[in-house]
Structures are given as structure tokens and as C-alpha cells.
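Open your viewer and get ready to click along. We will make a few stops, and at each one you will select something and see what is there.

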Amino acid sequence: MNHWIILPILLPALVAPMLVLAVRHDVALARVFSVASTVLLLGVAGGLLAMASGGEPQVYALGHWPPPFGIVLVLDRLSALMLLLTALLALWVLLFAIDGADARGRHFHALFQLQLMGVNGAFLTGDLFNLFVFFEVLLIASYGLMVHGGGAARLRAGVQYVAVNLVGSSLFLIAVGLIYGVTGTLNMADLAARVPMVPPGDQALLQTGALLLLLVFAVKAALVPVQFWLPGTYALAPAPVAALFAIMTKVGAYAILRVHGLIFGEGMGEAAHLIQDWLLPAALVTLATGMTGVLAARSLGQMVSFAVIGSMGTVMIPVALYTHQTLAAGLYYLVHSTLAAGALFLLVGLVAERRSGPGDRLVVAPAFAQSGLIAAFFFLAALAMAGLPPLSGFIGKLLILDAVREGEAAVWIWTGILVTSFLAIIGFARGGSTLFWKSTAQEGRLQAEPGADSGALSFVAVGGLLAGLLLWTALAGQVTPYLEATAHQLLDREGYVDTVLETPGRVIEEKGHGTH
Amino acid sequence: MELLVASAVGIMTAAGVYLVLRARTFPVVLGLALMTYGVNVFLFAMGRLTVNLPPVLTADAAGYTDPLPQALVLTAIVISFGMTAVVVVMALRAYLESDTDHVDLARSEPIEKADRP
């Protein structure tokens, strides 16, 4: 058994309590341990990606219990890609945070590591109830991170965020209960094998469970009509936390890809294609809502939050269609939108900190420190987010448009993506010119917030994320074979089921022969 | 027994949903707690309702009660207990800092108070 697979969960799980117990009084030491752990995580994720690109999914049976009786972790191309993306985003966000933001409250680094543990676990697990547990791990860490630094408005937004997610967790449990009650299993591969055999009398229960699960994952992925919690939460969270949360919406998208693609996908009897009728319209409305919100936003934080909602709509369109070409294009756009959203949220933090008084509100005010450099970074990140050439947002949208060309809904998708891109361009141009351009005509200079101490490292962090975007653009040709192989693997449901259910079985058989 | 369990789940969930939709934090917290109770009983019932049967299948047993939902419920109880504690503490802090226990944010608030430390 390949023990490397569990390391992305174990490493932060061991570092987090150590940060709380041993080094909670020493910020410098906590920073060293946290960064070292995240760098290690990046290395492990890179190694796992190399392993996964070999082909077959790799199974890690916890406690050596053979599936479907024990919990399994499954490493395939998709989960390896998501692990690497998480580690990369986390490292840059952490570099931004150790430039001062982490010292404004307590236990930032421990919560950060627990959050990484939850996200990595959700990407790796092959068991539905275990997915629920990892969701709770990442959520409870995110509650702490969300209110990091305190403040009345932030705390009240935090209460809302917790309430929404607690209701989501209850729905998740109801869905898990329904699915277990009908099929008698929670292992994803075993579910995929049993769902086609569910008798017609139980179909209503099963499909209710499947749609409830979709609703839960849609809350995480901020799809309309359950997107309302996102702008308040992300705009009020501290900048590095909001940037890290850019991966959390993708956890929802990943869960829909994994669970509904595998268990309720093609060839699954009456439950097949259950979600497509719902997901594609939801994705299109999400796209329109998000990008209209970009136009209407009154602060930079809100603008970026709505752009995140819009980009989730764009990600979910190819997921809803679930064909080989659309999945590869969607995955390319998913990585791009995570990096772009991360960079934009960090920039919101830099702007708000330097404008004492107006903060990140979109009002004309005198110039602030380093506005030139921040404006240049914002220009690049906004170009990427809006999907203008030459950056990866353009390539991603082009790939999606090309992939859906022959489908029935092509007209809707083309219109949706093109019109909303235009809205996003106008929105970001308005925001940028209000914040950076018009300020040059104003008298005087804005002071920074008291306690604002972000320096060179913050700019390195934003620059790192933007460099990642440039690299993702430049290497678009080189990564496409990997993404296409990932799409192939996602569509190869039998391969997944056979690998998970049969390999350990063979091991037991061999053992049995050995003792005879 | 079926009627009793089913109506218990239904009433607890309905009361929970009603309370969650209130505008103040205390009823919302109570509602969340009631909802998780309803969900726990529901999850328990998903292993089928049986009385006086062993949790392990043996060769001569007439039937068995499914032990897995009981393990799931145990996990769910622990998690929901922890989550309720978190939401109580956060609601209390939010009330003390902003002098109001309304759940919803005022329209202008996110922008004006966003950047106060």
C-alpha cells in the first residue's frame, strides 16, 4: 500500500495541534513551522501528482480494512491536481498572512493547517460519510478563520455563515441517510455498483437523496439560488482568509464532479442524468447573477466576491454537460479561477489597508501608498478574471466555448459567457478607474490604517499568484494532455469501481492462499 | 413505533426550520439544535427500526439490527454538539460587540464597518 497518499491529511493534522500546544506564544516560531509544513505539503502534492499521472487510481485502505467495509482514500488524476492547487494557493496566501495579518488574532496558523487538512481530506476520500466528516473539519476551521481579528460586522457575518453551513450539514446527513437506507453502503465505488440495481420502488428515496446532496454541494460552490451567503462572508473575511476560501467553492464543484459524476452519471439506471436538468440552468443563472453583481458592487471586496460567484457558474457549465471535452476545459478554467480569485482577494486586503477611511469602498479618494504597483497587479488579475486575452481566463473560456459548440444548449452558453464577460470587463474597469485612476486628480494623500504593516512579502505573495496565472497561460498546451487524461479517467467509471473494490480483495485472497 | 419515530423527526425538523427562519440569534441557535436532533433520529431510523435484535449477524440469528447507522449517529452527535457550541460563542461575541442580536446584516453595514479592526 502506498502510504504517501495519507500524508496530505496527516501532515497538517500533526502540525496544527503542535502549533496550539507548543508554540502558541511565539508568533515567529509558529510562522516558521506553518510555512515549513505548507512547503512540505506542496512537495508531497507534487509527488502525488507524478504518481497519479501514471494512470490507474490508487487506493489507500485505512486500517487495512478492505473496501467497502472500511474507509478508503482514492488518489486519481483529479484529486492529485486539486491537492497541488490547494498547496500552491495555501503557500502564497500564507506568505501574505505572515506579513502581519496572522498576528491580529490568535491561532491563525493552527486553524490554517486544520483548514488544509479538511480540504485535502475532502479531495482524497472515497467514502460519502467520510466526505461529510472532512467537510465539517474544513468548515469548523473556516469559522475560526472567518472571524480572525474580530470586529462587529465580521462577527455577525460569521454567525450567518455558520448558520447557513449548519443547515447545509443537516441536509448532507439526511441525504447520506437516505442513500444508505436504500443501498446499504456509503463507499462511493460500491454505491456506483449498486445504484443501477436499486428497485423502482426505492427510486424516489434515492433520487431525493441525490438531489439533496446536489443542494448541499451547491451551497458550498455558491450556485444560485444558494449563493447569497458568499458575498457577505468573503467581503468581510480577512484578506488572506478570503483568498484561501477561493479553494472552498472548488471543493463544492469537486464534490459534484466526483459524487454525481460517479454515482449518478451515465448508465446508472433510472437515477442517471438526474442532475443535468437542474445543474446547467443553475450554472447559467449563477454566471449572470455573479457578473451582474460585479457591476453593482459598492466595494472592491464585494466586486471580487461576485466575480467568484460568476466564475463558479462558468466552472459548473462544463461539469453539468460532463463530456470528455467539456471536462478538460472546465478543469483548466477551475485552476485559473482559483488563482485569479486568490490574487484579487489579497489585492483587496492591500487596498483596504492603505485607504484609512474609505477602505475598499468604490469612492473617489486621494491617492494612497504604492497605488501604482497595486494598480498594475490589479490590472493583470482583473484581466485574467474577466477573461480578456492574453491571460488564462481567455484561454479557459475559449476552451469551454469550443467544447460546447455542438450541444443543444450551445446558444445559451455562448450568449451567457460572452455577455457576462463584457459585464465583468465594465465592472472591473469601473472599479479600477475609481480606485486608482481618479485618485491621481485628488489633493493630498490617504493615510494607512493604524496597525497596517504589510510590506514586501505581501507583494511577493500577490506576484507569486499572478506568476502562477502567467505560467498556467504559457503552459496551456503542455497541461492539456494531463487534463484530457483526467477527463478520461472521470468518465471511466468502471475503471474506478474495479480498482477500488477489487484490488484489496485480491490481496485478501492471496493471504488466504498463503495460510493454507 | 414507526408513527412515533416518523412524527418525532417531522415535528423536530419543522420546529427547527421555523426557528432558524427567525430574525434573532437565540431562536436560530435553538432551531439549529432541534434540526440536528431531528436529523440524528432520522439517520438512526435509516438502519430500519428493530427491537431486541443483536447488532451482529450470526448463523442462527432471526435477524439483526444494522450497527452502522448507530456509528454514524454517534459521529453526527459529536460534530453537531461541537458546532452548536461554536455558534453559541460566536453569537454571543457578535451580540456583545454590536449590541444587537439580529441575524441579518443591515444593508449599508458590510461596507461601512468592513475595515474596522
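A residue counts as buried if 20 or more other C-beta atoms lie within 10 Å of its own. Keep in mind that the model in front of you is predicted.

**Stop one: a helix in chain A.** Select residues 229–236 of chain A, which form helix α9. How many of the eight residues are buried? Seven of them are, so the helix is largely enclosed by the rest of the structure. To see them, highlight A:L230, A:P231, A:G232, A:T233, A:Y234, A:A235 and A:L236.

**Stop two: a single leucine.** Now move to helix α12 of chain A, residues 300–321, and pick A:L321. Is A:L321 buried or exposed? It has 23 other C-beta atoms within 10 Å, so A:L321 is buried. Leaving aside residues up to four places away in sequence, A:L321 touches A:T326, A:V404 and A:G407. Try a distance label on that last partner: A:G407 is 86 residues away along the chain, yet the C-alpha atoms of A:L321 and A:G407 are separated by 8.8 Å.

**Stop three: where the chains meet.** Show both chains and look at their contact, which takes 39 residues from chain A and 35 residues from chain B. On the chain B side, select α2 (25–45), α3 (67–98) and α4 (109–112), since each of these supplies at least two residues. Which helix gives the largest share of that side? It is α3(B), with 15 residues. Finally, colour the chain B side by class: you will find 24 nonpolar, five polar and six charged residues.

Terms used. Residues are numbered from 1 along each chain as its sequence is written. Chains are lettered from A and ligands numbered from 1 in the order in which they are written. This is a predicted model: local features need pLDDT of at least 70, side-chain atom pairs count only at pLDDT 80 or more; totals for chains, interfaces and linings use all residues. A residue is buried if 20 or more other C-beta atoms lie within 10 Å of its own, exposed if 12 or fewer, and partly exposed in between; C-beta atoms are placed from the backbone. Helices (H or I, at least four residues) and strands (E, at least two) are DSSP runs, numbered from the N terminus. Two residues are in contact if their C-beta atoms, placed from the backbone, lie within 7 Å. Ala, Val, Leu, Ile, Met, Phe, Trp, Tyr, Cys and Pro count as nonpolar, Asp, Glu, Lys and Arg as charged, and the others, Gly among them, as polar.
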